[in-house]
Amino acid sequence: ENRVHELGEHTSFLKPFWYIGSFTLGALAGAIGDKWNLGFLAETEKQVVTHLEAHLDQIPDADKRSRAILEQMKTDEAKHATTAIESGGAELPKPVKKAMTFMSKIMTKTAYYL
């Protein structure tokens with residue numbers, strides 16, 4: 001977030017809604033049991049890694065600071081996914097993964113404009 005501001009930009013005005021939505025989804029996933037909660041966490045983190053890779057493809061090579069931040073975020077998110085699976089996370093059914101991907105695309109496209 002600091003880097004975004006350094007570049008003269010702002011984060012999405014929808015950020016508070018994403019936080020509330022994420023918290024709510026996490027609470028619901030937690031209510032259905034640890035293996036599904038951890039599976040949901042792992043899949044979320046995998047999708048975040050994919051999203052960060054897309055950002056890295058768009059960042060100029062000369063912007064080493066932004067690239068370093070995104071690379072570290074990518075490493076951290078991948079580790080979270082691995083830890084969730086190693087802790088007993090279940091593989092989510094394909095329809096759930098597809099729904100998550102669909103919702104994340106809506107969220108990222110909306111956030112881009114707001």
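# A guided tour of a five-helix predicted model

Begin by selecting glycine 30, which lies in helix α2. Helices here are DSSP runs of H or I with at least four residues, strands are runs of E with at least two, and both are numbered from the N terminus. At 32% relative accessibility, glycine 30 counts as partly exposed. Buried stands for under 20% relative accessible area, exposed for over 50%, and partly exposed for what lies in between, with a 1.4 Å probe and protein chains only. Now add lysine 64 to the selection: its C-alpha atom and that of glycine 30 are separated by 38 Å, and the two residues are 34 apart along the chain.

Some conventions apply throughout. The model is predicted, with local features requiring pLDDT of at least 70 and side-chain atom pairs pLDDT 80 or more, whereas totals for chains, interfaces and linings use all residues. Residues are numbered from 1 along each chain as its sequence is written, and side-chain values use heavy atoms, without hydrogens and water.

## The whole chain

Display the entire chain as a cartoon. Five helices and zero strands make up its secondary structure, and the order from the N terminus is α-α-α-α-α. Along the principal axes, the C-alpha atoms fill a box of roughly 45 × 25 × 20 Å.

Switch to a surface representation. The chain exposes about 8200 Å², of which carbon and sulfur atoms supply 64%; these areas come from the Shrake-Rupley method with a 1.4 Å probe, and for residues only the protein chains shown count as cover. Of the 114 residues, 21% count as buried. Among contacts (heavy atoms within 4.5 Å) with a separation of 6 or more, 67% involve residues 24 or more positions apart.

Next, colour by charge, taking Lys and Arg as positive and Asp and Glu as negative, with His and the chain ends not counted. Each charge is placed at NZ of Lys, CZ of Arg, CG of Asp or CD of Glu. The mean positions of the 14 positive and 15 negative charges are 5 Å apart.

## Aromatic rings in helix α2

Return to helix α2 (residues 15–31) and select tyrosine 19 and phenylalanine 23, which lie four residues apart, about one turn of the helix. Rings of Phe, Tyr and Trp (its six-membered ring) pair if their centres lie within 6.5 Å; planes under 30 degrees apart count as stacked, over 60 as edge-to-face and the rest as tilted. The count by this rule is one aromatic pair. Tyrosine 19 and phenylalanine 23 form this stacked pair, at 6.5 Å centre to centre and 25 degrees between the planes. Both residues are exposed.

## Salt bridges

Show the charged side chains. A salt bridge requires a side-chain nitrogen of Lys or Arg within 4 Å of a carboxyl oxygen of Asp or Glu, and the structure holds seven of them.

Select lysine 15 and glutamate 1, whose side chains meet in a salt bridge at 2.0 Å, N to O. This pair links distant parts of the chain: lysine 15 belongs to helix α2 and glutamate 1 to the segment before α1 (2–6), 14 residues apart. Lysine 15 is partly exposed, with a relative accessible area of 38%.

Move to helix α1, where glutamate 6 and arginine 3 are three residues apart, about one helical turn. They form a salt bridge, with the closest N and O atoms 3.1 Å apart. Glutamate 6 is partly exposed at 46% relative accessibility, whereas arginine 3 is buried at 18%. Add Asp63 and Arg65 to the selection: salt bridges that share partners join Arg3, Glu6, Asp63 and Arg65 into one network.

Then select lysine 97 and glutamate 91, whose salt bridge spans 2.1 Å, N to O. Glutamate 91 counts as exposed at 51% relative accessibility.

## Helix α4

Select glutamate 77 in helix α4 (residues 64–86). Glutamate 77 is buried yet has no salt bridge, and the nearest side chain of opposite charge, lysine 79, is 12 Å away. Leaving aside neighbours within four places in sequence, glutamate 77 is in contact with Glu45, Val48, Val49 and Leu52.

Finish at alanine 84, also found in helix α4. Alanine 84 is buried, with a relative accessible area of 2%. With neighbours within four places in sequence set aside, its contacts are Leu38, Leu41, Ala42 and Gly89. For a last distance, pick valine 49: the C-alpha atoms of alanine 84 and valine 49 are separated by 14 Å, and the residues are 35 apart along the chain.
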